[in-house]
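The report that follows considers selected local features of one protein model, moving from strand pairing to a pocket and then to individual residues.

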Amino acid sequence: MKKIAFVFPGYGCSHAGMGKGICEYSEGVKEIYGKASEVLGFDTAELSSKGRAADVTAEEVSFQLQLLHQLALAKAAEEILPAPEAFIGYSAGEITAMTAGKVFSLEDGIAVANAYRDMRKEAVGAGRLDTYRLRNVKHEFVSLASDKCLAGFVQMTAVEAPEQTVIIGDEEGLKAVLKELAKHKVNSVKLKDSLPLHSVMVFPYVSKLQDAMRGIEHHELSVKMYSTLYGKLVDVMTLPSDYFAKQQVNAVRFYEAVSAAKEDGFDAFVILGKDKDLLTAVKNVAGENNAFIADSVEDLQKIAEKIKESQMI
C-alpha cells in the first residue's frame, strides 16, 4: 500500500480556469467555495472557474483562490485516492496545509491568507531584490559562496532539492556570488517574481502578520505535517503566529522535509496545484515514479490509477 503525502505549493499557482470542473464536484467542495464566498464577499467558484487570468492572479485574491482550489482538490481526493498520512507545505503553502489539517477552520484559514497577502504586499512595496534558482549545485556550496561575498547582500531562501537552491540578493552581491558559482558550471535562472521573502529583508513586516494571527483560534494537527521551516516532522503546532513569523525570515527547507518523509516510508507525493518546479524538486528526492501533480479531478483520477497499477506490480 502506498504511503501518501499531500504537498501544498506556495504563492503563485493561481491560473485562469483552475476551478473548472472541481468547484461543483461534490457537496463538500461546494461548501468550501460557498463559505469562502460569504467571507470574501464575492463568488469564489465563479471567479476561479470562469475568471480572466488577470483577475484570478490579481494580488488581492490570488492566494485566497489558490488556497480554495487546493482545499477543494484535497476534499475531492477523499473520494478518489487513499487517505494521505501527512502534509507538506512549501512556504505559504503551509497555511493551506494547516487549514487542510484542521489547525485553522476554513474561515480562519482565509483570515490567515488575508494577513499573509497584506504582509507580502507591504514587503514587496518596500523594494524588490533579484531571485535566482540554481541547479547542479549542492546547497552547502551555495552557502560557502554566499559567505565569501564581502560586498552587497545575498541569502539562500530555499533548499528545494539536493542540487537545487534559490538565492536572493542585491545587484552587487548577486554579481559576485553568481560569478563564483559560474566557475563551477552551476546553472542559474533568474526568476520572474523577485521578492524579499524568506530573508532578513522581510523582518520589518512580519510583526503585522504575527499580530494578525495572534487572535486566530488554532487546534491540534489532524494529520502529520513535515515542516519546511524546520525540515522535519512536527507533531504539535503550538503558536502558529510565531511559527509563520519565523518562516518568513528563514529559508524554506523543502528538500529536508521531503527527505524526512521519505525516510519515514512515504513513497507517493501528490502536489495539489500546478507547480512544475516543485514536481522536479520532489522527483529529485523521492524518485521519478513517486511524485505527481494534481490540478483537476481528472488528474486525481489518473494518479489513483497509477497508484493502483504500482501496487499490482
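Which two strands form a hairpin, and which residue in the turn has a positive phi? The hairpin is formed by S7 and S8 with 4 residues between them, and Gly-231 in the turn has a positive phi of about 70°. The model is a predicted one, in which local features need pLDDT of at least 70 and side-chain atom pairs count only at pLDDT 80 or more, whereas totals for chains, interfaces and linings use all residues. Residues are numbered from 1 along each chain as its sequence is written, and side-chain values use heavy atoms, with hydrogens and water left out.

Strands (E, at least two residues) and helices (H or I, at least four) are DSSP runs numbered from the N terminus, and two strands pair if DSSP finds at least two bridges between them. Strand S7 (residues 224-227) runs parallel to strand S2 (residues 86-89), to which 3 bridges join it, and pairs with strand S8 (residues 232-234) in the antiparallel sense, again over 3 bridges. Tyr-226 of S7 stands opposite Ile-88, and its bridge partner in S8 is Leu-233.

The second largest pocket (an open set of points on a 1 Å grid over the protein atoms alone where a 1.4 Å probe fits, with protein on both sides within 12 Å along at least five of seven lines; lining residues have an atom within 4 Å of a point) has a volume of about 510 Å³. Of its 23 lining residues, Lys-75, Glu-78, Thr-99, Ala-100 and Lys-102 are the closest to its centre. Helices H1 (27-40), H4 (62-77), H5 (93-100) and H6 (106-125) each supply at least two residues of this lining.

Two residues other than glycine have a positive phi, and the table gives their values; accessibility is classed as buried under 20% relative accessible area, exposed over 50% and partly exposed in between, with a 1.4 Å probe and protein chains only.

| Residue | Phi | Relative accessibility |
|---|---|---|
| Ser-91 | near 55° | Ser-91: 8%, buried |
| Asn-136 | about 65° | Asn-136: 45%, partly exposed |

Ser-91 lies in the loop between S2 and H5, while Asn-136 lies in the loop between strand S3 (130-135) and helix H7 (139-147). Most residues other than glycine have a negative phi.

Ser-49, in helix H2 (residues 44-50), counts as buried because its relative accessibility is 15%. A polar atom of the Ser-49 side chain lies 2.7 Å from the backbone oxygen of Ala-45. Leaving aside residues up to four places away in sequence, Ser-49 touches (heavy atoms within 4.5 Å) Gly-17, Gly-19, Lys-20 and Cys-23.

Terms used:
A polar contact is a pair of N or O atoms within 3.5 Å; within protein, one must be able to donate a hydrogen and the other to accept it, and residues adjacent in sequence count only if both atoms are side-chain atoms. Grid points are joined across faces, edges and corners, and a volume is the space filled by probe spheres set on the points.
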